[in-house]
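Open the model in your viewer and get ready to click along. Each stop on this tour gives you something to select and tells you what is there.

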Amino acid sequence: MGRIPTRGRRSRGLIDGATSLASLLVASFLASTLIPISSEAALFAVLKLHADLAWPAIGVATLGNTLGGLTTYLIGRYIGSKKPLTQLERVRRYGSPLLALAWLPFVGDALCLAAGWVKLNWVAVALWSAAGRFARYWLVAQGALW
């Protein structure tokens with residue numbers, strides 16, 4: 001993994017770091033549900049304002065987005081217990097590693113919902129999902145801090 005440069009770039013003082021990170025947490029959580037907002041744009045903006053907060057911002061975005069995905073997972077688990085579907089065999093066959101793609105637009109929400117529906121292990125779902133989301137946010141940070 002490459003290094004994220006953090007020295008030599010200072011905050012611009014428009015919004016303090018704590019407020020930026022809190023807003024990023026909310027945006028990344030909501031973006032991982034069915035609300036169509038861009039958590040990548042939110043991370044990019046935070047990093048442009050607070051380059052010194054690169055690692056905390058990546059962590060907060062990953063956490064919020066993963067928690068949003070787990071919320072969708074729980075919805076699928078609840079609905080799946082009420083109405084089983086046989087069309088979800090592919091998710092069952094490939095299992096939790098498929099959730100490394102949960103960050104993808106449109107497909108990601110469906111994967112999280114399907115993972116809950118077929119009752120995949122939530123810890124494995126969370127770990128694979130977080131890994132994929134972290135990789136995406138790390139790449140966004142590379143672009144923002146270039």
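The tour goes from the whole chain to a pocket, a few helices and some single residues.

**Stop 1: the whole chain**

Keep in mind that this is a predicted model. Show the protein chain as a cartoon and colour it by secondary structure: there are six helices and zero strands. Walking from the N terminus, you meet the elements in the order α-α-α-α-α-α. Of the 146 residues in the chain, 42% are buried. Now think about contacts between residues with a separation of 6 or more: 83% of them join residues 24 or more positions apart.

**Stop 2: the largest pocket**

Which residues should you select to find the centre of the largest pocket? Pick Ala 31, Ile 37, Pro 105, Phe 106 and Asp 109, which lie nearest the centre among the 19 lining residues. The space in this pocket comes to about 330 Å³. Next, highlight helix 2 (39-49) and helix 6 (122-144), since each of these helices gives at least two residues to the lining. If you colour the lining by class, you will count ten nonpolar, five polar and four charged residues.

**Stop 3: Asp 109 and Thr 72**

Stay with Asp 109, one of the residues nearest the pocket centre. Asp 109 sits in helix 5. Is Asp 109 buried or exposed? Its relative accessibility is 19%, so Asp 109 counts as buried, the cut-off being under 20%. Show its neighbours, leaving out residues up to four places away in sequence: Asp 109 touches Ser 32, Thr 33, Leu 34, Thr 72 and Ala 102. Draw a distance from Asp 109 to Thr 33, C-alpha to C-alpha, and you should read 6.7 Å, although 76 residues separate the two in sequence.

Now move to Thr 72, which is in helix 3. Thr 72 is buried, with 8% relative accessibility. Again leaving out residues up to four places away in sequence, Thr 72 touches Ser 32, Thr 33, Asp 109, Cys 112 and Leu 113. Ser 32 and Thr 33 also appear among the residues that Asp 109 touches.

**Stop 4: helix 5 and the loop after it**

Select helix 5, residues 107-117. How many of its eleven residues are buried? Eight are, and the helix is mostly covered. To see them, show side chains for Gly 108, Asp 109, Leu 111, Cys 112, Ala 114, Ala 115, Gly 116 and Trp 117. Add helix 3, helix 4 (89-94) and helix 6 to the view, as the buried residues of helix 5 pack against these three.

Just past the end of helix 5, click Lys 119. Lys 119 lies in the loop between helix 5 and helix 6. Check its backbone angles: phi is positive, at about 60°, although Lys 119 is not a glycine. Most residues other than glycine have a negative phi. Lys 119 is partly exposed, with a relative accessible area of 39%.

**Stop 5: rings on helix 6**

How many aromatic pairs does a search of the whole structure find? There is one. Select Trp 55 and Phe 134: the ring centres are 6.4 Å apart and the planes meet at 15°, so the pair is stacked. Trp 55 belongs to helix 3 (residues 54-82) and Phe 134 to helix 6, so the pair ties together parts that are 79 residues apart in sequence. Both rings belong to partly exposed residues: the relative accessible area is 40% for Trp 55 and 25% for Phe 134.

While you are looking at rings, zoom to Tyr 137. Arg 136 lies over the face of the Tyr 137 ring, at 4.2 Å from its centre.

**Stop 6: back towards the N terminus**

Finish with Ile 15, in the segment before helix 1 (17-31). Ile 15 is partly exposed, at 39% relative accessibility. Beyond residues up to four places away in sequence, Ile 15 touches Ser 20 and His 50. The C-alpha atoms of Ile 15 and His 50 are 9.0 Å apart, across 35 residues of sequence.

Ser 20 leads to one more distance: its C-alpha atom is 8.9 Å from that of Ala 45, 25 residues away along the chain. Ala 45 is in helix 2 and is partly exposed, with a relative accessible area of 39%.

Technical notes
Residues are numbered from 1 along each chain as its sequence is written. This is a predicted model: local features need pLDDT of at least 70, side-chain atom pairs count only at pLDDT 80 or more; totals for chains, interfaces and linings use all residues. Side-chain values use heavy atoms; hydrogens and water are left out. On a 1 Å grid over the protein atoms alone, a cavity is a set of points where a 1.4 Å probe fits but cannot get out, and a pocket is an open set with protein on both sides within 12 Å along at least five of seven lines; lining residues have an atom within 4 Å of a point. Grid points are joined across faces, edges and corners, and a volume is the space filled by probe spheres set on the points. Helices (H or I, at least four residues) and strands (E, at least two) are DSSP runs, numbered from the N terminus. Ala, Val, Leu, Ile, Met, Phe, Trp, Tyr, Cys and Pro count as nonpolar, Asp, Glu, Lys and Arg as charged, and the others, Gly among them, as polar. Rings of Phe, Tyr and Trp (its six-membered ring) pair if their centres lie within 6.5 Å; planes under 30 degrees apart count as stacked, over 60 as edge-to-face and the rest as tilted. Buried means under 20% relative accessible area, exposed over 50%, partly exposed in between (1.4 Å probe, protein chains only). A charge sits over a ring if NZ of Lys or CZ of Arg is within 6 Å of the ring centre and within 35 degrees of the ring normal. Contact means heavy atoms within 4.5 Å.
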